[in-house]
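Hi,

Here is the protein we talked about, ready for you to open. Have a look at it first, and then read my notes underneath.

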Amino acid sequence: EPPDTPKDFSCHTQDMKRVTCTWREGETYLYGRNAPQYTLSKTSSPKVALCKAICSSEQCSCSWDIGQQQIWNVTVTVENPLGKKNATDVFDVNHRMYPTAPFQVWEDCTDTEITLHWNYENNEIELFCQTEVVRPDGKVELHNSSAARSKRVTVRGLQPHTAYTARVRCAAASHFWRWSEWSQALTARTKEGTPSGKLDIWREITPVLGGRNVTLFWKQTPGFQANGKIISYEVTWEKIEDGFKPESISFSAVYNSTRIFLDNHSYRISIMAKNSVHFSLPSVLIISRATDNKILFCSFLGTEELKEGQVNGTDDGIFISWEPRSIYDSYIIDWCNFPRLQPCDLQWKRFGPNISSAVISSAAFVPGVRYKFCVYGSVANRASLLEKKIGYLRELPPHVDPIVRKVDLTYNSVTLSWDSYLTNESETGFVRGYNVYVSPIQGNCNLKGSKKYILSDESELCKYTIENPEEKRYTVKHLMPNTKYKIAVKAFTGGGETPIVYFRYIDTPYNSNILYFVFLVVILPTLVAAICHWKMKWVKESCCPVIPSPNESKVLSFKEFKIDSEKVLKINDCLPDVLAVESDAESQKL
């Protein structure tokens, strides 16, 4: 292809002695003796070359001495066997100053300032320079030198004991055209300064004989600036009432806690951080008298006036809320990252007076572990216990099943009684209730009032749910007599329940009411009939006696005295029990 017009053709000087022109070459797909040939000349004298072009990586340049001429009109011509193109640039050398990059950059530092110094090659040219400062957070700041020919700039408002990266570039002061290249980057660190802000401090109080063991904790918060390397921490405590001489102890920077013994009086405790310059401002805690112990520490052992409220886990942590009180200027929540270990790695977090809820998160939180949170209100550095909470990041099913201690059977029901389920710290969730599962050994379950539950092997159970965790007894009704059943009792939490592995088997007895009915309706009449058949004569004599005839009486067995066909009894032959005289007409007749 024929050549393209040279692109980005431009000329400049770096020392007011020599001019350099640059441009980009295009692709012609011709090589060797047919490759493009470049010629740079005055526009007025195209046949006289000013310099020999040098090209590499599509970038070409050509340089020549300026001499006394200030205004230049130059043309670059590119030619190959298929064509020719050119480009022209007209310029004043004074307006095309492109300085070399500054060198020998060094710094002077205080705790909040950095002064950069540098040199450049041509001190006869009036330049002004610009400094780029990169802060640790990546923020970039530009600072211009205050005067031309100045070889220094001071950057103020920096953080003590902090590393910054800086570099410098310069341009012509009278006719700005282009910045020079940046100097090599310099890393400078400000000197140490007095620590700013206060440490965040907290305490754990344990009553002992004669006083209290107070474990003090401290940490650096985002608002605290060490402004250097912390070399020690100073802990001081003094009685408030008696004004005794303060006691103090210093700890190496590797420590973040200590334990001290206090008697039953009120104490003022302060902790300061120290670097090579000075101490930070003191952080203060007031420990009240031992008579106020119930509002000082959070004990989850035994019974206290404050009950434990349950809290729930979220995707981000454990959500905690509390009732705000207007008298407090801040709130503190403390907890243990590892509640099953000793020490438990006590943590705490502070909140402003207008906050009444928070999500507590920690990389140490794991599902199935019960965490305990204590909410304190603080006023004038004196903290009081307000509420206690327990909760899980996520509940898991219970470890073990309830132990069924008693089974009471009737022909159509079974009553199950189980032990109280342990709700100690090792539990993996809050027990919300119980599920009772029942099924006959043969066939499916369709008991009234139950829900259908399908096992993994597709067998069917009847399920009864008890949503009261305090309930320890349940009666399953509507069973069939003389039938074998399998039963199971499972506790469930917010994380569900474990799969059913073991069943208990029961056999319902016969229905005694049916037997009694059969006895009354069938067996008893049959028995009576059999007895009656066996003792027919006796029954007949007892139930239907024959009316005796006087003529057959033994009393009248004598043969004398007969009147017609009737026998006659002589009165003298009998000894009557009672003798009565009849006066009626028949008696008279007799």
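Below is what I found, going from the whole chain down to single residues.

First, a caution: this is a predicted model. The mean pLDDT of the protein is 86, and 88% of its residues reach 70 or more. Confidence is highest in strand S24 (residues 318-321), at a mean of 96, and drops to its lowest in strand S38 (residues 562-563), at 62. Where pLDDT is low, please don't read the predicted coordinates in detail.

On the overall make-up, the protein has 39 strands and 3 helices. It runs to 590 residues, of which 37% count as buried. If you take the contacts with a separation of 6 or more, 64% of them are between residues 24 or more positions apart. The exposed surface comes to about 35600 Å², with 52% of that supplied by carbon and sulfur atoms.

Now the cysteines, which I guess you'll want for the bench. The structure holds 6 disulfides, and I'll go through three of them here.

Cys51 and Cys62 are joined with an S to S distance of 1.5 Å. The link is right-handed, with 135 degrees about the S-S bond. Cys51 sits in strand S4 (residues 45-51) and Cys62 in strand S6 (residues 59-65), so this disulfide ties together parts that are 11 residues apart in sequence. Both Cys51 and Cys62 are buried.

Cys129 and Cys170 make another disulfide, at 1.9 Å from S to S. The link of Cys129 and Cys170 is right-handed as well, with 95 degrees about the S-S bond. This pair connects distant parts of the chain: Cys129 is in strand S11 (residues 127-134) and Cys170 is in strand S14 (residues 163-172), 41 residues apart. Are these two cysteines buried or exposed? Cys129 has 1% relative accessibility, so it counts as buried. Cys170 is at 0%, so it counts as buried too.

The third one is Cys336 with Cys344, whose sulfur atoms are 1.9 Å apart. Both Cys336 and Cys344 are buried.

One further cysteine to note is Cys109: its relative accessible area is 18%, and because the cut-off for buried is under 20%, Cys109 is classed as buried.

Next, a serine that touches one of those cysteines. Ser180 lies in the loop between S14 and strand S15 (186-189). Despite being in a loop, Ser180 has a relative accessibility of 4% and therefore counts as buried. Which residues does Ser180 touch, leaving out those up to four places away in sequence? They are Tyr98, Pro99, Thr100, Ala101, Pro102, Arg169 and Cys170.

Finally, take a look at strand S23 (residues 308-313), which pairs with two other strands. With strand S29 (residues 382-392) it runs parallel, joined by 4 bridges; in S29, Lys389 is the bridge partner of Gly309. With S24, S23 runs antiparallel through 2 bridges, and here Gly313 has Ile318 as its bridge partner. S23 and S24 form a hairpin with 4 residues between the strands, where Gly317 takes a positive phi near 160 degrees. S24 is also the strand with the highest mean confidence.

Shout if you'd like to go through any of this together.

Cheers

Note on methods
Residues are numbered from 1 along each chain as its sequence is written. This is a predicted model: local features need pLDDT of at least 70, side-chain atom pairs count only at pLDDT 80 or more; totals for chains, interfaces and linings use all residues. Side-chain values use heavy atoms; hydrogens and water are left out. pLDDT is the predictor's confidence in each residue, from 0 to 100. A disulfide is a pair of cysteine sulfur atoms within 2.5 Å. Buried means under 20% relative accessible area, exposed over 50%, partly exposed in between (1.4 Å probe, protein chains only). Contact means heavy atoms within 4.5 Å. Two strands pair if DSSP finds at least two bridges between them. Accessible areas come from the Shrake-Rupley method with a 1.4 Å probe; for residues, only the protein chains shown count as cover.
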